[in-house]
Amino acid sequence: MSDRALTVLYDADCGFCRWSVAWILRHVPAGSIVPRTIQSPEGQALLEAAGVPPQDRLRAAHAHRAGDPPQALRSGGDVAPMVAPLLRGRKGRAAGLGARALPGPVRRLLYGQVATNRVAIGRLVSQRRRAEADALLAAAGDGPRRDG
């Protein structure tokens, strides 16, 4: 793991969220992303240090680069520009270009729509794909999975 690795916090109860973070892990250099659940002690400590109120913590994914002050934590659509430069491969580069090309307000609006509908969107992710994602996250050192 790099001393400047990006910690990405996601909802352990959301199958789509787990699948999304696993997709990112497949398309970035090893050790560049540290996945952690929002519900984990590490996730809660980081969100508390950044001043994210408890009622807002599960509304979005969050990202923080090691070595930066807690206030540098980004949430929701503002996570994409942090992840985009790390993406590799044909699919990763295409997603990264899209994330960088969108203006912030548009990116945040799109993220909000996906987040609001993540349960319905998550139904499109097969149980097999969710299981694969959970195995990848476990291999990356991110604790046990929950239902969803």
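Contact between elements is taken here to mean heavy atoms within 4.5 Å, and the model shown in these close-up views is a predicted one.

**View 1. Helix α2 lies across three strands of the sheet.** Helix α2, made up of residues 41-49, lies across β1, β2 and β3, the last of these spanning residues 62-65. Relative to β1, helix α2 runs at about 105°.

**View 2. Four strands build an open sheet with mixed pairing.** The 4 strands follow the order β2-β1-β3-β4, and the sheet that they form is open. Strands β2 (33-37) and β4 (74-75) stand at the edges, and because each has a single partner strand, one side of each is left without a neighbour in the sheet. Strand β1, residues 6-10, runs parallel to β2 and is joined to it by 5 bridges; within this pairing, L6 has I33 of β2 as its bridge partner. In general, strands of a sheet pair through backbone hydrogen bonds, in either a parallel or an antiparallel manner.

**View 3. A salt bridge joins R4 to D68.** The side chains of R4 and D68 meet at a distance of 2.9 Å from N to O. This pair links distant parts of the chain, since R4 belongs to the segment before β1 and D68 to the loop between β3 and β4, with their positions 64 residues apart in the sequence. R4 counts as partly exposed, at 38% relative accessibility, and D68 is likewise partly exposed, with a relative accessible area of 26%.

**View 4. A salt bridge joins R108 of helix α5 to D78 of a loop.** The closest N and O atoms of R108 and D78 are 2.6 Å apart. R108 lies in helix α5 (residues 104-116), whereas D78 lies in the loop between β4 and α3 (80-83), so the pair ties together parts that are 30 residues apart in sequence. R108 is partly exposed, with a relative accessible area of 39%, and D78 is also partly exposed, its relative accessible area being 23%.

**View 5. A salt bridge within helix α7 joins E132 to R128.** The side chains of E132 and R128 meet at 3.5 Å, N to O. Because they are 4 residues apart in helix α7, which spans residues 127-139, the two residues are separated by about one helical turn. E132 counts as partly exposed, at 32% relative accessibility. Elsewhere, salt bridges that share partners join D78, R107 and R108 into one network, and the count of salt bridges in the model comes to 9.

How values were computed. Residues numbered from 1 in each chain as written. Predicted model: local features only at pLDDT ≥ 70, side-chain atom pairs only at ≥ 80, totals over all residues. Heavy atoms only, no water. Pairing = 2+ DSSP bridges. Axes fitted to C-alpha atoms, helices over the stretch in contact; angles between N-to-C directions. Salt bridge = Lys/Arg side-chain N within 4 Å of Asp/Glu carboxyl O. Buried < 20%, exposed > 50% of the residue type's maximum accessible area, 1.4 Å probe, protein only.
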